[in-house]
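Me: Could you take a close look at one part of this model for me, and then walk outward from there to the helix packing and the backbone details? A connected account would suit me better than a list.

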Amino acid sequence: MIFAIEEINQNPAILPNHTLGYKIYNSCGMTNIIKSAIDLANGQREIIDERNCTKADTAQAVLGHSGSAPTMGFARIIGRFQIPVLSHFATCACLSNREEFPSFFRTIPSDLHQSRGLAKLVKHFGWTWVGAISNKNDYGINGIATFIQAAQEEGVCVEYYQAFEQTGPLHELTKVVQTVKYSTSKVIVAFMSHREVNVLATELYKQNITGMQWIGSDAWITDHSLTDSEGRSILLGSLGFVVSRAKIPGLEEHLRQLHPSQFPDSLFVRDFWEDMFDCALDEAANAQKKPCSGSESLQNVESYFTNVSELRFTNNVYKSVYAVAHALHNLATCEEGKGPFYNGSCADTKHIQPWQVLHYLQNMNFTTSQGERVTFDQNGDSPARYELTNLQHITSETMHVAAVGVFDATLPSERQFIMNGMKIVWGGESNTVPVSVCSESCPPGKQKVLQKRKPVCCYDCIPCGEGEISNATDSLECLKCPIHYWPNTRGDKCILKEIEFLSYAEIMGLILTLFCLMGVTLTTMIAIVFFHFRETPIVRANNSELSFLLLFSLTLCFLCSLTFIGRPSEWSCMLRHTAFGITFVLCISCVLGKTIVVLMAFRATLPGSNVMKWFGPAQQRLSVLGFTLIQVAICIIWLTINPPFPYKNMNHYKEKIILECSLGSPVGFWAVLGYIGLLAVLCFVLAFLARKLPDNFNEAKFITFSMLIFCAVWIAFIPAYVSSPGKFTVAVEIFAILASSYGLLFCIFIPKCYIILLRPEQNTKKHIMGKTKDIHDFHC
């Protein structure tokens with residue numbers, strides 16, 4: 001302060017023809033501090049010196065105090081007299097209340113910004129579970145209250161909050177230590193002075209409570225007295241905000257010129273000088289040390305006092321002095337008629353009133369010689385800009401702090417907190433970024449569910465529900481996928497649902513295709529054999545024309561199975577059911593015709609009976625054509641009214657889409673199937689009636705057995721078709737077609753092929769007709 005005043009008095013650009021004076025009250029204790037401030041407000045004793053200074057009735061401004069609590073004590077009183085009070089270190093946000101403290105200004109930012117910055121700091125490093133400790137005064141209580149509120153807004157939870165005073169009862173400190181000992185959080189936010197920090201760190205060190213990451217307020221984070229604490233080692237790695245470092249040209253030279261003769265009544269200077277040079281200024285009071293010679297000088301001495309490399313709060317004092325000087329300068333250089341008061345008047349420089357200085361201070365805006373802008377807002381607060389410091393080294397004599405980032409409250413919220421990339425020393429033994437959370441983060445695919453009666457930071461992670469995803473960490477709710485999408489296995493992304501249909505590429509499709517082609521090949525081979533031996537009795541018997549037509553229809557039955565495999569389309573959906581219905585009716589009609597021929601031939605009572613003329617070749621063709629046309633008519637009506645169509649079934653499986661052929665009209669489908677069943681039952685009954693004909697040529701037995709297989713397959717098909725999901729419905733239908741087709745092929749034609757190829761001696765008219773009856777050849 002003295003250096004700044006002397007610098008101003010020597011500067012002709014500021015307050016020309018005026019000299020600043022000062023009076024220092026080096027008082028300790030709340031009572032003495034308030035008394036000193038009241039003395040300044042009441043008026044000073046008359047000061048007379050050779051320079052004929054004009055006496056001021058009251059001080060134009062009061063600089064101080066460094067503590068928030070004593071500042072509140074006297075600022076509330078002298079503020080009623082509108083005497084400006086400027087503090088370099090009182091940071092309590094409560095001092096921004098203009099109703100209580102109408103004349104208070106400060107060159108250090110309010111704790112409101114610091115507390116919010118600390119909340120952003122713990123959030124930046126992912127610490128959502130912290131403890132909070134403060135001292136029991138307005139500075140600590142208000143500061144930590146603002147921090148807790150800001151932390152909640154940032155999503156940070158405070159596990160505990162404790163407060164104590166260095167001079168308070170021991171049980172309060174013990175309670176704080178026990179709380180820290182049994183807490184689960186690894187980060188402590190300490191909003192207190194260096195005195196409380198020293199006491200708390202020492203007690204924690206004694207009880208071996210280490211491994212904590214400390215977050216400190218500007219009142220202690222760079223205070224050199226931490227080196228004196230027994231528990232200083234547990235504070236290593238502490239992080240905190242502090243006002244920016246500055247350089248004040250000429251201050252070091254000013255400090256090195258210090259001499260006890262300048263301050264003969266200062267106990268501080270006397271003790272400092274005796275300790276620095278190990279001599280006694282008062283030989284009578286301190287006979288153990290040699291007397292000082294008077295030639296001692298600080299010019300070549302390196303000490304903490306002369307070290308100006310870490311000027312932080314000191315710079316605030318410098319700015320406070322200049323703020324008052326600029327206010328007085330503006331007041332003194334006011335042009336009458338352009339002044340800020342009534343009718344453009346100016347203040348009387350010989351009778352300056354405190355409220356006039358207050359007005360100029362409120363509108364202060366200047367830049368220091370170091371390029372730093374000084375201004376006050378409507379509450380008397382300075383712009384908030386901090387350095388984020390890291391305590392990287394501390395011993396009993398030295399400590400080193402490094403700036404690792406900045407916090408500028410004047411910038412937009414998203415750009416206020418910036419790291420500079422410098423390596424950070426962390427608290428704890430591992431020197432890695434500590435983890436301090438109540439619950440681990442929920443990964444994508446899960447959502448947070450709060451635990452009962454716990455803070456919002458304590459939660460369980462549960463997987464998202466069916467059809468839902470969460471694509472961010474710590475999601476509060478899951479998002480439902482669109483109808484054609486489904487979550488992936490991790491539940492963090494919606495992917496297109498798998499489309500399922502029976503394809504040729506899969507194993508089941510390949511096997512069914514193979515059996516279809518085997519059926520076609522086998523049927524073709526049998527047709528070739530029959531054609532080659534078409535003139536033999538066993539082929540000519542029972543209408544060879546119907547046999548070839550039956551083989552042709554069986555070939556179509558095998559081939560129509562292929563229409564059920566592959567991606568359903570409009571034409572394939574209509575083709576598969578109609579082709580199946582018509583080919584099977586054609587097949588059953590041929591079998592029915594053969595059955596009727598056998599039955600009528602062997603039931604004729606006389607050899608000369610003409611019963612066959614009623615069911616000759618023409619009638620047999622017409623019956624096959626008639627039965628088939630009825631099915632064709634049913635299919636045409638079905639396709640006309642409500643044909644089958646491709647359909648995306650999303651009801652059976654939630655995770656995939658079944659691409660299938662909707663029946664369109666279920667009545668049409670069951671009419672087609674029912675008609676086939678009716679012909680099959682009729683054929684089975686007629687074949688059953690003819691089962692006791694002569695053994696040598698009893699085709700009715702094989703027809704009976706084939707119809708038994710056919711009916712059994714299709715009766716079993718109905719419940720299997722209804723209950724099978726997805727592509728298995730199609731597979732069941734193909735299996736039924738193949739099984740019934742193979743049943744007809746094997747039961748009706750394999751026995752004849754056996755005789756033709758392996759028992760040619762039985763392929764004679766005599767053997768087929770038998771010896772018991774003389775039955776005429778009934779070649780159709």
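Reply: Ile248 sits in the loop between strand 8 (239-243) and helix 8 (251-256). This is a predicted model, and in it Ile248 is buried, with a relative accessible area of 7%; the cut-off for that word is under 20%. Setting aside residues up to four places away in sequence, Ile248 touches Phe3, Leu311, Thr314, Asn315, Tyr318 and Gln370. Its C-alpha atom is also separated by 8.1 Å from that of Val308, a residue 60 places away along the chain.

Two of those partners lead us straight to a helix pair. Phe3 and Tyr318, both touched by Ile248, also take part in the contact between helix 1 and helix 10. The axes of helix 1 (residues 2-9) and helix 10 (residues 313-332) come within 8 Å and cross at roughly 35 degrees, and the crossing is right-handed. On the helix 1 side the contact is made by Phe3, Ala4, Ile5, Glu7 and Ile8, and on the helix 10 side by Tyr318, Val321, Tyr322 and Ala325. Sorted by class, that gives eight nonpolar residues, no polar ones and one charged.

From here it is worth comparing notes with another buried residue, Ala150. It lies in helix 5 (residues 138-153), and at 6% relative accessibility Ala150 counts as buried. Leaving out neighbours within four places in sequence, Ala150 is in contact with Ser115, Arg116 and Ala119. Lys120 is 30 residues away from Ala150 in sequence, and their C-alpha atoms are 8.2 Å apart in space.

Now for the helix pairs further along the chain. Helix 12 (residues 507-532) and helix 14 (residues 544-560) pack at an angle of about 165 degrees, their axes 8 Å apart. Because an angle over 145 degrees counts as roughly antiparallel, that is the description for helix 12 and helix 14. Helix 12 passes helix 14 in a left-handed crossing. Helix 12 brings Cys516, Gly519, Val520, Thr523, Ile526, Ala527, Phe530 and Phe531 to the contact, where they meet Ser547, Phe548, Leu551, Leu554, Thr555, Phe558 and Leu559 of helix 14. Those residues divide into 11 nonpolar, four polar and no charged.

Helix 12 deserves a little more of your time. Its 26 residues should span 38 Å at 1.5 Å a residue, and its end C-alpha atoms are 37 Å apart, which agrees. The buried residues in helix 12 are Gly509, Leu512, Thr513, Cys516, Gly519, Val520, Thr523, Ile526, Val529 and Phe530. What covers them includes helix 13 (537-540), helix 14 and helix 19 (727-758).

Since helix 19 has come up, here is one residue from it: Thr729 is placed in that helix. With a relative accessible area of 14%, Thr729 is buried. Apart from neighbours within four places in sequence, Thr729 is in contact with Tyr721 and Ser724.

There is another antiparallel pair to look at. Helix 16 (residues 617-641) and helix 17 (residues 666-689) pack at about 170 degrees with their axes 9 Å apart, and are therefore roughly antiparallel to each other. In this contact Phe627, Ile630, Gln631, Ile634, Cys635 and Trp638 of helix 16 meet Gly668, Phe669, Ala671, Val672, Tyr675, Ile676 and Leu679 of helix 17. By class, these are 11 nonpolar, two polar and no charged residues.

Finally, a few backbone details that you may want to check by eye. Gly64 and His65 are joined by a cis peptide bond, with omega about -5 degrees; His65 belongs to the loop between strand 1 (62-63) and helix 3 (68-78). On the other side of helix 3, in the loop between that helix and strand 2 (85-87), is Gln82. Gln82 is not a glycine, yet its phi is positive, near 60 degrees, and at 38% relative accessibility Gln82 counts as partly exposed. Arg453 also has a positive phi, about 55 degrees, without being a glycine. You will find Arg453 in the loop between strand 14 (446-450) and strand 15 (459-463), where its 80% relative accessibility makes it count as exposed.

Definitions and conventions: Residues are numbered from 1 along each chain as its sequence is written. This is a predicted model: local features need pLDDT of at least 70, side-chain atom pairs count only at pLDDT 80 or more; totals for chains, interfaces and linings use all residues. Side-chain values use heavy atoms; hydrogens and water are left out. Axes are lines fitted to C-alpha atoms, for helices over the stretch in contact, and angles run from 0 to 180 degrees between N-to-C directions. Helices (H or I, at least four residues) and strands (E, at least two) are DSSP runs, numbered from the N terminus. Angles under 35 degrees count as roughly parallel, over 145 as roughly antiparallel, 65 to 115 as roughly perpendicular and the rest as oblique. A crossing is left-handed if the near helix is turned anticlockwise from the far one by less than a right angle, and right-handed if clockwise. Contact means heavy atoms within 4.5 Å. Ala, Val, Leu, Ile, Met, Phe, Trp, Tyr, Cys and Pro count as nonpolar, Asp, Glu, Lys and Arg as charged, and the others, Gly among them, as polar. The expected span of a helix is 1.5 Å times one less than its number of residues. Buried means under 20% relative accessible area, exposed over 50%, partly exposed in between (1.4 Å probe, protein chains only).
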